[in-house]
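Visitor: I would like to understand the words that people use when they describe a model like this one. Could you take me through them slowly, with the reasoning behind each?

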Amino acid sequence: MIKINNLEKYFTTEEYKTIALNKISFEVKKGEFVSVMGPSGSGKSTLLNILGLLDDADGGSFIFNDEEVINYKERQRAHLRKHNIGFVFQSFNLIDELTVFENVELALIYTGIKKSERKEKVDEVLERMQIMHRRSHFPTQLSGGQQQRVAVARALVNDPKLILADEPTGNLDSKTGNEVMELLTELNNQGSTIIMVTHSEHDAKYGNRIIRMLDGEKVTENLLSNY
Amino acid sequence: MIKNYFKLTWRNIKANKVLSFLNILGLTSGLFCFLLIYLWISSENSVNKYHTNIDDLYSVYLTSSDGPGFGYGTPSLLYKELKEKVPEIEGVVAMSNNNRNYTFSNNKKVLKQKGKHVSEDYFNMFSFNILEGNASNALRNPNDIAISKDMAELFFDNVKSAIGQTLTFENSKALKITMVFELGSKNTTENSDFYLSFDSLFAESPWMTDWKNLGTYTFVQLTKGADEKQVEQKLKTFLKDYESVSLLAIELQPYGDSYLYADLESGSGKIEYVRLFGIIAFLIMLIASINFMNLASAGSIKRAKEIGVRKVLGAGKGSLVGQFLGEAILLSLSSLFFALIFIALVLPVFNQITDKNIDLENLPISTWIMVLLITLFTGILSGSYPAFLLSSFKVTDIFKKKIETSSRTKWIRKALVVFQFTISVVFISCMLIISKQIDYVQNKDIGFERENLLAVTLSEDLQKNYNAFKTGALQISGVNSVTKTSHILLGDYGTSPEVIWNGKSDDDGSLFTGMVGSIDFIKTYGAKLLMGRDLIHNNPDNIEYLINESAMKQMKMENPLGQTISFWGNSGTIVGVVKDFHFSSLKESIFPLVIRSEGYVEFNTAFIKYNTDNVQQTLASIESLHATLNPAFPFEYKFMDSEYNKLYKSESTFYKLSTFFSILAILISCLGLFGLVMFTAEQRTKEIGMRKVVGASVFAITSLITRDFIKLILLGIAIGIPIAWYFMNKWLTNYEYRIDMPWWVFVTTGSLIISIALVTVSFESIKIALVNPIKSLKND
């Protein structure tokens with residue numbers, strides 16, 4: 001599904017040039033759950049942003065669904081993103097002024113789905129995330145775990161081919177964090193491809209494979225037993 | 001999607017109450033000013049333009065081929081000649097320039113009404129609502145009169161019953177009402193209650209047959225399709241065969257322009273104010289829009305997450321720009337709603353100040369469309385910068401909280417604040433300078449004593465009984481002296497080349513203002529004699545002349561006393577030279593003036609100099625004297641000092657309005673400043689917390705935040721002052737007599753703006769400085 005080859009990314013300031021990704025290559029197959037680990041500054045979030053088409057790479061190749069997307073224009077990326085990728089963030093990134101329902105619905109609005117169909121899909125995903133009873137609440141009225149469920153619901157509502165999770169349990173206590181990880185595992189079991197960036201060994205083990213990074217390079221790649 | 005935007009806009013307004021309040025208040029104030037000025041400008045632009053034939057109507061004016069002289073005054077016989085000799089002219093109207101009050105009476109009432117004499121084409125050329133009678137033959141006979149609906153209702157039960165009735169005019173002749181009209185529009189300079197036949201005036205005024213007397217206004221209507229330029233060319237030399245006025249050229253001005261471009265010599269007039277207010281309106285709108293831009297972009301940090309999420313979910317730049325523009329337009333529309341409420345509230349006062357009849361209920365649909373377009377434009381203008389700024393944020397930057405480090409954004413925001421304060425400085429300094437100039441002209445020694453000087457209208461009986469009136473008035477204890485003249489000594493009179501003196505060359509076409517005066521002229525007016533004496537004779541066989549200094553120079557006389565001159569053919573002796581005094585606005589230089597002691601011009605005004613003891617009693621005594629000598633006419637009088645102030649009505653109005661708009665401009669700028677400080681403080685919460693932890697005092701923190709803003713304001717002041725200086729210097733040149741540029745105005749403006757800004761900035765920064773540092777740090 002994803003194949004990156006010699007992917008590079010630099011950050012330059014007036015005086016320094018920092019290498020964030022140094023010719024990194026790997027492949028993710030459909031249905032995989034890959035955990036990316038590494039210390040702060042190792043380049044894992046940068047990698048996730050490039051995989052999510054939120055950021056450009058400075059070199060290398062990125063094939064998404066058999067298509068080279070490295071030189072895509074902003075409009076093409078937005079199109080690809082909204083139809084194929086769901087995001088889950090550490091800080092949930094829900095819009096405070098919108099209700100649970102509206103936050104999830106937003107993902108469908110940009111794909112141009114009709115209102116009646118939207119309602120059906122949103123209700124279905126909220127039901128699945130067991131957050132239906134909170135559909136009219138605003139994010140600030142929810143617990144962290146509930147907020148992350150909403151964020152996952154938003155990521156799923158478009159039936160994306162790929163879910164990218166950036167430290168999804170980082171802002172949660174361990175019990176709630178485990179719940180979210182169970183949720184992601186379940187989604188993976190149902191066929192979703194997931195790439196998750198995490199600091200936590202515990203969380204990383206929910207995946208099928210761990211890619212470890214250091215200073216912008218892939219250090220090791222372990223296949224886990226549950227794959 | 002749109003619904004989603006609406007919902008979000010509304011919730012954003014609710015979530016950020018202070019910001020939304022500042023935004024809506026700023027936009028409301030901006031729109032309020034802009035629309036008010038827009039309504040005024042469109043009203044000014046449409047004055048007198050309601051006439052059906054407006055495209056073919058022209059005011060005639062004359063220019064003198066040598067020496068000064070531009071004026072609407074034309075020979076009274078001109079209209080007949082033009083109609084006869086110029087085929088491209090379809091209609092011509094002669095109109096007397098004596099738009100003054102006359103006494104009318106019937107068996108029920110005696111009332112003063114204002115009106116003038118017009119020739120027969122008048123009602124065909126200009127548009128009136130004719131309620132009764134027939135426009136084409138309304139003033140056919142010398143004793144016919146056309147009266148307004150209001151006048152008809154004053155004297156009669158209703159409009160219908162007025163037709164065919166008679167009214168006594170000036171207690172002397174009976175006039176038959178042949179027509180009742182209503183003005184074609186309220187937006188007109190025409191304010192006559194009645195019109196009389198021009199022929200009747202002709203019959204009573206032998207001097208009108210004199211081509212040299214330029215006392216009549218002439219208007220023409222060109223035939224459809226006539227080439228205006230060609231006709232004008234033809235008219236330029238039309239008078240060359242009329243001996244006494246052969247040096248004058250006839251010019252045409254579109255009638256619709258006469259109101260705004262009445263200053264013929266410079267080709268401007270009230271249009272200057274229209275342009276000036278247009279600029280003011282635009283600048284205020286700009287200040288308000290900048291406020292919005294600044295507040296929205298400063299507040300963008302709050303919206304960043306939303307933008308990030310939308311982008312992640314696939315929102316393109318276009319849809320985000322659309323969203324933020326939509327929000328700005330929505331806010332502008334709600335501000336329009338509030339602005340209209342405020343306009344409706346202040347309109348009565350505004351109409352009173354500006355002498356207008358603007359009525360929101362009767363605005364044409366085109367004006368409403370414009371109002372809506374202006375609002376949309378404001379929304380787009382205000383929303384454009386934040387929209388493009390916000391939508392250009394990179395998602396990765398947003399989630400790394402890096403967006404506020406953009407130095408370009410900060411730079412633009414600072415530049416906008418500087419711009420706002422520059423405009424405020426310009427406004428306030430200009431307002432102060434204008435007020436000083438108005439103050440100066442209103443208090444200037446104009447060469448005669450206008451204080452405690454009463455102008456009393458001399459109706460016909462009183463003209464005959466003038467000597468008795470004067471004798472009676474002088475017996476009243478508060479009265480010092482009495483004289484009479486042909487004109488009230490303020491305003492614009494006709495000019496004439498017809499002054500003859502020894503040694504005048506044949507090609508000398510210099511123009512003079514002439515008036516007729518009487519015994520005690522100098523004493524009553526308080527004018528200063530340079531040489532000679534006051535008028536002491538009122539004897540047609542022994543005509544005396546007073547001339548002013550300018551006339552003396554014009555005639556190149558070194559010792560004018562005793563010399564013989566003649567004006568309109570009445571020759572007499574110069575007995576005195578008066579020091580130049582202003583008999584029109586201080587915008588004009590003093591014109592050569594000759595004052596003759598006798599003549600066939602009627603004396604229509606008596607002047608009474610009184611002292612300040614018990615003015616009410618003095619006035620009452622004069623009124624009762626008037627009633628005894630002139631029982632058929634109401635007592636009509638004016639105070640010369642207030643008449644003088646009326647000369648500066650435009651300036652005065654302009655001053656009042658610009659004061660109001662300047663205050664609003666500074667208020668709007670401060671709203672923006674307040675919002676910016678709020679956001680800066682919010683952004684620097686962590687820094688402030690850290691500083692407090694290491695021991696910074698409240699004062700140190702406050703001055704830290706305040707300092708940055710004050711620098712911007714100082715820059716605004718530094719840029720604004722030279723701009724204000726330049727424009728005011730230019731404006732003052734409109735006045736022949738003006739103040740020196742007062743430097744203290746700039747000091748005052750600067751201090752005022754800094755004080756207001758300091759209060760605004762300190763208010764918020766002290767609040768931030770007082771916050772417990774633990775809280776500031778925890779929030780980060």
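Guide: Let us begin with chain A of this predicted model, where residues 24 or more positions apart account for 67% of the contacts with a separation of 6 or more. Chain A has seven helices and 10 strands.

Visitor: What makes chain A as compact as a globular protein of that length?

Guide: The radius of gyration of chain A is 17 Å, and the globule rule gives 17 Å for 227 residues, so the two values are close and chain A is as compact as a globular protein of that length. Along the principal axes, the C-alpha atoms of chain A fill a box of roughly 50 × 40 × 35 Å, and buried residues make up 48% of the 227 residues.

Visitor: What are the corresponding values for chain B?

Guide: The C-alpha atoms of chain B fill a box of roughly 105 × 55 × 55 Å, again taken along the principal axes, and 43% of the 780 residues in chain B are buried. Chain B has 25 helices and 24 strands, and residues 24 or more positions apart account for 83% of its contacts with a separation of 6 or more.

Visitor: Why are α14(B) and α21(B) called roughly antiparallel?

Guide: The axes of helix α14 (residues 407–443) and helix α21 (residues 649–683), both of chain B, come within 9 Å and cross at roughly 155°. Angles over 145 degrees count as roughly antiparallel, and α14(B) and α21(B) are therefore given that name. The contact of α14(B) with α21(B) has 15 nonpolar, nine polar and one charged residues, and α14(B) passes α21(B) in a left-handed crossing.

Visitor: Why, then, are α3(A) and α4(A) called oblique?

Guide: The axes of helix α3 (residues 100–109) and helix α4 (residues 115–128) of chain A come within 10 Å and cross at roughly 125°. That angle lies outside the range of 65 to 115 degrees for roughly perpendicular and is not over 145 degrees, and α3(A) and α4(A) are therefore oblique to each other. From α3(A), the contact is made by A:F101, A:V104, A:E105 and A:L108, and from α4(A) by A:R118, A:K121, A:V122, A:V125 and A:L126. These residues divide into six nonpolar, no polar and three charged, and the crossing of α3(A) and α4(A) is right-handed.

Visitor: How do you know whether B:N48 is buried or exposed?

Guide: B:N48 has 21 C-beta neighbours inside 10 Å, and a residue with 20 or more counts as buried, so B:N48 is buried. B:N48 lies in the loop between α2 (17–45) and β1 (57–64) of chain B. Leaving aside neighbours within four places in sequence, B:N48 is in contact with B:T188, B:T189, B:Y255, B:G256, B:S258 and B:Y259. The C-alpha atoms of B:N48 and B:G689, which are 641 residues apart along the chain, are separated by 66 Å.

Visitor: What makes B:D355 exposed?

Guide: B:D355 has 9 other C-beta atoms within 10 Å, and 12 or fewer is the condition for being exposed, so B:D355 is exposed. B:D355 is found in the loop between α11 (317–354) and α12 (365–391) of chain B, and its phi is near 65°, a positive value in a residue other than glycine.

Visitor: Why is B:N452 called partly exposed?

Guide: With 18 other C-beta atoms within 10 Å, B:N452 falls between the limit of 12 or fewer for exposed and that of 20 or more for buried, so B:N452 is partly exposed. B:N452 lies in the loop between α14 and β14 (453–457) of chain B, and the phi of B:N452 is near 55°, a positive value in a residue other than glycine.

Visitor: How do you know that B:I130 is partly exposed?

Guide: B:I130 has 15 other C-beta atoms within 10 Å, a count that again falls between the two limits, so B:I130 is partly exposed. B:I130 lies in strand β7 (residues 128–133) of chain B, and, leaving aside neighbours within four places in sequence, is in contact with B:A135, B:M179 and B:F181. The C-alpha atoms of B:I130 and B:V180, 50 residues apart along the chain, are separated by 6.2 Å.

Definitions and conventions: Residues are numbered from 1 along each chain as its sequence is written. Chains are lettered from A and ligands numbered from 1 in the order in which they are written. This is a predicted model: local features need pLDDT of at least 70, side-chain atom pairs count only at pLDDT 80 or more; totals for chains, interfaces and linings use all residues. Helices (H or I, at least four residues) and strands (E, at least two) are DSSP runs, numbered from the N terminus. The radius of gyration is taken over C-alpha atoms; the globule rule is 2.2 Å times the number of residues to the power 0.38. Two residues are in contact if their C-beta atoms, placed from the backbone, lie within 7 Å. Axes are lines fitted to C-alpha atoms, for helices over the stretch in contact, and angles run from 0 to 180 degrees between N-to-C directions. Angles under 35 degrees count as roughly parallel, over 145 as roughly antiparallel, 65 to 115 as roughly perpendicular and the rest as oblique. A crossing is left-handed if the near helix is turned anticlockwise from the far one by less than a right angle, and right-handed if clockwise. Ala, Val, Leu, Ile, Met, Phe, Trp, Tyr, Cys and Pro count as nonpolar, Asp, Glu, Lys and Arg as charged, and the others, Gly among them, as polar.
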